[in-house]
Amino acid sequence: MEQMVAVRDGEVWADDSEGEGGGSRTGGLPLVLLHPGVGDSRIWDPVLPRLVERHRVIRFDVRGFGRSPAPTAKYSMAEDLAAVLDHFGLGRVALAASSMGGAAALNLALADPARVAALALLVPGVTGYEGLASSGFTAEAGRLAEAGDMDGLVALALRTFGAAGRGGDAEAAAHLRSAIPAWFTNQPYQVPDAPAFDRLGELAVPCVLALGEKDQPQVIRCNEEMAARIPGCRLIRLRDSDHLPTLREPEAVARLILDSCEGAS
């Protein structure tokens, strides 16, 4: 069921499989999906049917992405995530999170560990890790944005995040084209969450981390270091994935998310 959810000084679009024949009848943990910055919650479409067979699934669009209005006030992604959980009355959930969403999931797990029963992290970001900064990409994206060259921005993003694609890669291009405006409209309003990288050893929750072997080298290195720091983390290498694993290997992604939830249960 689609609805708008109130968050501090704003609202976000969310979808709850409960009431649509999904999820809660199975008795599994509620599962919340957090999308990357290279797409919105539609990035989960290839894996969603498998997930709702076993779990109540909630997904939402970060402010400015997809069907959520652009922010007009300062916001924190981790705080917005907590507000969404509160709206749906969810006390303890499994989180499946990709890239930007991974950073928010980790921050919530550190700030309020009782709420997070399992973490399935796909090519995750993390606050407090300096090795992901790419001044070359940022400068080129800024130049293209200033010129109003959306086609150029999409092409740059495909080269950077979609190395595993073939041909025109229309599906990945469509997700990127939809997400790119939020990179610029959100920047003045997004408040960085607390640094988490140096605290990963404090996590005490079942965790699986999947990296894409065709992702950027600095992202692969970050993901390897994250997995090494998280106690008991299971590291999975997706051979055919870049920064868009739900598009590249949906069956493998669905399976690892479901396995993660089963381990927590």
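Begin with the largest cavity of this predicted model, which has a volume of about 90 Å³; a search of the whole structure finds 1 cavity of 30 Å³ or more. To bring its walls into view, select L34, H35, F60, V62, M77, D80, L81, M100, G101 and A104, the residues that line the largest cavity. Colour the elements as well, and you will find that those giving two or more residues to this lining are α2 (77-87) and α3 (100-111). Sorted by class, the lining of the largest cavity comprises 7 nonpolar, 2 polar and 1 charged residues.

Keep α2 and α3 on screen and turn to the way they pack. Their axes come within 8 Å and cross at roughly 70°, and α2 and α3 are therefore roughly perpendicular to each other. On the α2 side, select M77, A78, L81, A82 and L85, and on the α3 side M100, A104, A105, N107 and L108, since these make the contact. By class, the contact of α2 with α3 has 9 nonpolar residues, 1 polar residue and no charged ones.

Next, follow the chain on to D112, which is found in the loop between α3 and β6 (116-122). D112 counts as partly exposed because its relative accessibility is 30%. If you draw a C-alpha to C-alpha distance from D112 to A82, it should read 9.2 Å, for two residues that are 30 apart in sequence.

Now go to S99, in the loop between β5 (93-98) and α3. Its phi is near 50°, a positive value in a residue other than glycine; with a relative accessibility of 11%, S99 counts as buried. A second stop of this kind is V123, placed in the loop between β6 and α4, where phi is positive at about 35° although the residue is not a glycine. V123 is buried, its relative accessible area being 1%. As background to these two stops, most residues other than glycine have a negative phi.

S99 also leads to the largest pocket, whose volume is about 1,400 Å³. Of the 40 residues that line the largest pocket, S99, M100, L132, T138 and Q190 lie nearest its centre, and selecting these five is a convenient way to place the view. Which elements each supply at least two residues of this lining? They are α3, α4 (135-146), α5, α6 and α7 (217-229). By class, the lining of the largest pocket is made up of 22 nonpolar, 16 polar and 2 charged residues.

From the pocket, select helix α5 (residues 150-161) and helix α6 (residues 170-185), whose axes come within 9 Å and cross at roughly 110°. This pair, α5 and α6, is therefore roughly perpendicular. Show side chains for M150, D151, L153, V154, A157, L158 and F161 in α5, which meet A172, A173, L176, R177, I180, P181, W183 and F184 in α6. The residues of this contact divide into 13 nonpolar, no polar and 2 charged.

End at Q187, in the loop between α6 and β7 (207-212). Is Q187 buried or exposed? At 59% relative accessibility, Q187 counts as exposed, the cut-off for that class being over 50%. As a last step, draw the distance between the C-alpha atoms of Q187 and D215: these residues are 28 apart along the chain, and the atoms are separated by 24 Å.

How values were computed:
Residues are numbered from 1 along each chain as its sequence is written. This is a predicted model: local features need pLDDT of at least 70, side-chain atom pairs count only at pLDDT 80 or more; totals for chains, interfaces and linings use all residues. Side-chain values use heavy atoms; hydrogens and water are left out. Axes are lines fitted to C-alpha atoms, for helices over the stretch in contact, and angles run from 0 to 180 degrees between N-to-C directions. Helices (H or I, at least four residues) and strands (E, at least two) are DSSP runs, numbered from the N terminus. Angles under 35 degrees count as roughly parallel, over 145 as roughly antiparallel, 65 to 115 as roughly perpendicular and the rest as oblique. Contact means heavy atoms within 4.5 Å. Ala, Val, Leu, Ile, Met, Phe, Trp, Tyr, Cys and Pro count as nonpolar, Asp, Glu, Lys and Arg as charged, and the others, Gly among them, as polar. On a 1 Å grid over the protein atoms alone, a cavity is a set of points where a 1.4 Å probe fits but cannot get out, and a pocket is an open set with protein on both sides within 12 Å along at least five of seven lines; lining residues have an atom within 4 Å of a point. Grid points are joined across faces, edges and corners, and a volume is the space filled by probe spheres set on the points. Buried means under 20% relative accessible area, exposed over 50%, partly exposed in between (1.4 Å probe, protein chains only).
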